[in-house]
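Grab a pencil and try these short exercises. Each one comes with a solution worked out in steps.

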Amino acid sequence: MAIEQIKMPQLGESVTEGTISKWLVSVGDKVNKYDPLAEVMTDKVNAEVPSSFTGVIKELIAGEGDTLAVGEIICTIEVDGGESQEIAKAEKTPAAATIGAESGIQVDQGNKARYSPAVLKISQEHGIDLTQVSGTGAGGRITRKDLLKLIEAGTIPVAGQKVETPQQLAETTVQAAAPQATNQPVSIPTPAAPAVNIPVAAGDIEIPVTGIRKAIAANMLRSKHEAPHAWTMIEVDATNLVDYRNTLKVEFKKKEGFNLTFFAFFVKAVAQALKEFPQINSMWAGEKIIQKKDINISIAVATEDALYVPVIKNADEKTIKGIAREISELAVKVRTGKLRSEDMQGGTFTVNNTGSFGSVQSMGIINYPQAAILQVESIVKRPVVMNNGMIAVRDMVNLCMSLDHRVLDGLVCGRFLQRVKEILENTSKSTTSIY
């Protein structure tokens with residue numbers, strides 16, 4: 001019999017880890033190839049992990065609620081065949097496993113440390129010496145969260161200095177002796193602030209943090225830690241757009257079977273402007289900036305307890321009707337739990353319809369690793385001073401944009417928003433076709 005490994009899959013282009021929300025099998029269960037083994041949650045999608053083999057579940061390495069990096073082993077399966085090479089090698093090199101556990105890293109043959117892509121990327125960007133970090137993951141593995149906690153605490157390790165994670169420091173008493181003279185500055189680690197002790201009174205409700213809420217929190221924290229956010233806003237007169245859409249909506253719904261929303265017009269305008277200002281359609285990649293060719297618009301869709309960001313692919317090539325159809329179909333998928341991992345992949349810019357909740361001004365957190373996010377606020381009637389000096393009641397909307405200042409500057413973002421404004425203010429029956 002051979003032992004085969006099932007690893008955490010990559011469930012999205014920017015997804016680096018996933019959380020086991022529920023095991024669908026137990027040790028000893030017989031499974032066929034492609035049978036679902038577990039439900040996995042990320043900040044972008046819920047998905048089932050299928051079996052790559054037919055066999056018997058040998059070991060569940062990860063527990064429910066555990067978060068693992070992409071590529072980490074979640075379980076093993078016993079299949080027909082010879083002894084698994086990887087397992088055989090591991091059994092013949094117990095010293096390597098012992099070293100890995102003691103040093104806080106996973107050790108491969110030849111005592112070479114192995115880290116997840118996310119850990120390597122963060123360590124390179126922040127100059128972290130991974131050999132000086134003690135991890136809190138399974139078997140002492142260094143996780144992305146370990147590094148983010150070090151960065152937040154300001155305890156970046158230097159060569160030759162052993163630094164524990166803030167979580168480990170909080171569990172021990174740290175006594176810092178006076179540093180000896182050295183040619184480079186030494187950062188004395190300080191314990192992280194303990195968790196806030198909030199008294200629970202009668203009638204208070206304690207709500208456990210779900211795996212998907214933890215995943216969303218981790219991705220938002222990563223975006224705020226890594227991307228220097230800047231913010232800008234522009235005001236748009238949407239009166240012509242409102243009149244045009246209102247003359248079409250009833251007949252459109254009867255003919256097409258789905259709603260012609262204002263949001264479809266905004267997504268189309270953004271896609272057109274992105275084509276003219278491709279710098280906005282970019283991502284930060286450490287030593288380089290990647291300007292994406294395809295214009296794939298991520299849209300935010302909320303459920304009762306989570307926020308999903310499915311993608312409208314090649315939005316610049318679609319009509320307003322086509323975009324409206326996709327918005328409707330993706331929303332239905334999210335709310336019925338039928339959203340697939342491929343529906344979440346490839347987004348290059350995010351448009352968030354915060355106006356659906358009545359918001360008139362907001363500051364969005366960028367959908368990492370994209371370079372910007374646009375918040376479309378509520379359309380409200382306001383008195384406006386016109387060019388002729390007269391006051392008129394107009395349908396006004398604010399467009400609020402958060403940008404990664406490593407990638408984008410205010411000048412190009414200002415011109416981009418001006419172009420979106422121009423497209424929207426000139427939307428009318430005589431200038432704009434929905435087909």
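**Exercise 1.** Decide whether Cys413 is buried or exposed in this predicted model, then do likewise for Cys75.

Solution. Start with the cut-off: buried means under 20% relative accessible area. Next, look up Cys413, which has 0% relative accessibility and so counts as buried. Now take Cys75: its relative accessible area is 0%, so Cys75 is buried. Finally, a check on cysteine pairing: the structure holds 0 disulfides.

**Exercise 2.** Work out the order of the strands in the open sheet of 4 strands, and find which strands stand at the edges.

Solution. Read across the sheet first: the order is β1-β8-β6-β3, and the pairing is antiparallel. Then go to the ends: β1 (2-7) and β3 (30-31) each have a single partner strand, so each has one side left without a neighbour in the sheet. Zoom in on β1, which is joined to β8 (residues 73-79) by 6 bridges. To see one residue pair, pick Glu4: its bridge partner in β8 is Ile77.

**Exercise 3.** Find where confidence is lowest and where it is highest in the protein chain.

Solution. Begin with the whole chain: pLDDT averages 81, and 79% of the residues score at least 70. Now the extremes: helix α2 (residues 94-103) is lowest, with a mean of 36, while helix α8 (residues 262-276) is highest, at 98. Last, scan for low stretches. Over residues 82-112 pLDDT stays under 50, and the model has 37 contacts beyond four places in sequence for them. Residues 166-193 also stay under 50, with 28 such contacts.

Technical notes:
Residues are numbered from 1 along each chain as its sequence is written. This is a predicted model: local features need pLDDT of at least 70, side-chain atom pairs count only at pLDDT 80 or more; totals for chains, interfaces and linings use all residues. Side-chain values use heavy atoms; hydrogens and water are left out. Two strands pair if DSSP finds at least two bridges between them. Helices (H or I, at least four residues) and strands (E, at least two) are DSSP runs, numbered from the N terminus. A disulfide is a pair of cysteine sulfur atoms within 2.5 Å. Buried means under 20% relative accessible area, exposed over 50%, partly exposed in between (1.4 Å probe, protein chains only). pLDDT is the predictor's confidence in each residue, from 0 to 100. Contact means heavy atoms within 4.5 Å.
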